[in-house]
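Work through the exercises below with the sequence and the model at hand. Each task is followed by a solution in steps.

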Amino acid sequence: MPNPILQLKNVSIYQGDSLVLSNVNVEINKGDFVYLIGKTGSGKSSFMKTLYGDLSLTEGEGHIVEYDLKTLKEDDIPFLRRKLGVVFQDFKLLTDRTINENLLFVLKATGWKDQNQMNTRVEEVLAKVDMKTKGFKYPHELSGGEQQRIAIARALLNNPELILADEPTGNLDPQTSIEVMEVLQEINKNGNTILMATHDYALLLKYPSKTLKCDDNQVYEVVQRKG
Ligand SMILES: Nc1ncnc2c1ncn2[C@@H]1O[C@H](COP(=O)(O)OP(=O)(O)OP(=O)(O)O)[C@@H](O)[C@H]1O
C-alpha cells in the first residue's frame, strides 16, 4: 500500500504576486527517492520552500508528514521542520563551532536534554555519513564534500520522515558529488524518503529514479529512457 508522505493537489505557488508554479499535483510515498529538475528560475527552490513552510500555501491542497500546509501556522513550522531534514547547496554549518557542537546545538534546539543520549545520537549520524572521526574539526577544516556529508548527518538527527535536499551537490566537483550521492542512496536504501532538487543530469543518469520537472510554470513527471 502506498503511504504518502507528501501530497499536493492543484497547488499554485507564488513569489509575491508572480505565479511560479500552477496546478501542481505531486505524491511522494515512504521510501521514494525523487528528483526535482528544471532550469534556473523554473521554481525548484520555491517548491521546496513551500514544503518546509518558508512560503505559505495559499492555493490548492498540501499535506506533508502530518501537517496540512494550507492551515500551517507560524508556531507549527519548527515542529514541521523536525519531521523534515533539509539540506542546502551551501551546507549552512555554524562556522564558529566544531562538527560535534554543530550537531549538539541542533539536538538541544529541538528539545533533547540527556547529554549521553545526545552524544550517542551524534555518533550514530556521523557514522551514517562515514564521518565518525571528524567530529572535533571545525567546518573550515573539512572539504566541501565532507561539509555536505555533515549537513546530511545534521538532517538525519531527528529521524526525519522526509529529507528535502535543495541542490546538495551544487557546490561540489563531479567526483565529490558522486560520493555525496552515494551517501544519499545509502540512507534511502535504509528507508529514508528523499526529494532532491538538482541541475546535475550526470547524477540522474547514474542513479535513475522518479523525476519531476519544473517547466513553464508546471511540474510534471519525466519518463526516463533506459539504455
Ligand atoms: N524571494 C523572492 N522574491 C521574489 N521572487 C522570487 C524570490 N525567489 C525567487 N523568486 C522568483 O521565482 C521564480 C522561481 O525561482 P526559484 O528560486 O524557485 O527557481 P529555481 O528553479 O530554484 O532556480 P535555481 O535553479 O536558480 O535555484 C524566479 O522567477 C525567481 O526570480
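**Exercise 1: strand β8 and its sheet**

In β8, F33 has I194 as its bridge partner. This is a predicted model, in which local features need pLDDT of at least 70, side-chain atom pairs count only at pLDDT 80 or more, and totals for chains, interfaces and linings use all residues. Residues are numbered from 1 along each chain as its sequence is written.

Task: starting from that bridge, find which strand β8 is joined to by four bridges, and state the strand order of the open sheet.

Step 1. Strands (E, at least two residues) and helices (H or I, at least four residues) are DSSP runs, numbered from the N terminus. Two strands pair if DSSP finds at least two bridges between them.

Step 2. β3 (residues 33–37) and β8 (residues 194–197) are parallel and joined by four bridges. A further partner assignment is L36 with A197 in β8.

Step 3. β7 and β8 also run parallel, again with four bridges. Here I163 has I194 as its bridge partner in β8.

Step 4. The open sheet has six strands in the order β6-β7-β8-β3-β9-β10, and its pairing is mixed. At the edges are β6 (84–88) and β10 (218–222), each paired on one side only. On average, neighbouring strands of this sheet are turned by 20 degrees against each other, direction ignored. Axes are lines fitted to C-alpha atoms, for helices over the stretch in contact, and angles run from 0 to 180 degrees between N-to-C directions.

Step 5. Helix α5 (residues 144–156) packs on the sheet and touches β6 and β7 (162–166), with its direction at about 165 degrees to that of β6. Contact requires C-beta atoms, placed from the backbone, to lie within 7 Å.

**Exercise 2: side chains of β8**

Task: determine which residues of β8 point one way and which the other, and whether they are buried or exposed.

Step 1. In a regular strand the side chains alternate between the two faces of the sheet.

Step 2. I194 and M196 point one way from β8, while L195 and A197 point the other way.

Step 3. All of these residues are buried. A residue is buried if 20 or more other C-beta atoms lie within 10 Å of its own, exposed if 12 or fewer, and partly exposed in between, with C-beta atoms placed from the backbone.

**Exercise 3: the ligand shell**

Task: list the residues around the ligand and name the helix that gives the most to the shell.

Step 1. A residue is near the ligand if its C-beta atom, placed from the backbone, lies within 6 Å of it. The surrounding residues are Q15, G16, V20, G38, T40, G41, S42, G43, K44, S45, S46 and C214.

Step 2. Helix α1 (residues 44–51) gives the most, with three residues.

Step 3. The shell divides into two nonpolar, nine polar and one charged residue. Ala, Val, Leu, Ile, Met, Phe, Trp, Tyr, Cys and Pro count as nonpolar, Asp, Glu, Lys and Arg as charged, and the others, Gly among them, as polar.

Step 4. Six of the eight residues of α1 are buried, namely K44, S45, F47, M48, T50 and L51. Just after α1, G53 has a positive phi of about 80 degrees.

**Exercise 4: the hairpin and N23**

Task: describe the pairing of β1 with β2, and explain why N23 counts as partly exposed.

Step 1. β1 (residues 4–15) and β2 (residues 18–29) run antiparallel and are joined by eight bridges. One of the pairs is Q7 with E27 in β2.

Step 2. Two residues lie between the strands of this hairpin, where G16 takes a positive phi near 60 degrees.

Step 3. N23 lies in β2. N23 counts as partly exposed because 14 C-beta neighbours fall inside 10 Å.

Step 4. Apart from neighbours within four places in sequence, N23 is in contact with N10, S12 and Q218.

**Exercise 5: positive phi outside glycine**

Task: locate V65 and N159 and give the phi of each.

Step 1. Most residues other than glycine have a negative phi.

Step 2. V65 lies in the loop between β4 (59–64) and β5 (67–68) and has a positive phi of about 40 degrees. V65 is partly exposed, because it has 16 C-beta neighbours inside 10 Å.

Step 3. N159 lies in the loop between α5 and β7, with a positive phi near 45 degrees. N159 is exposed, with 12 other C-beta atoms within 10 Å.

Conventions:
Contact = placed C-beta atoms within 7 Å.
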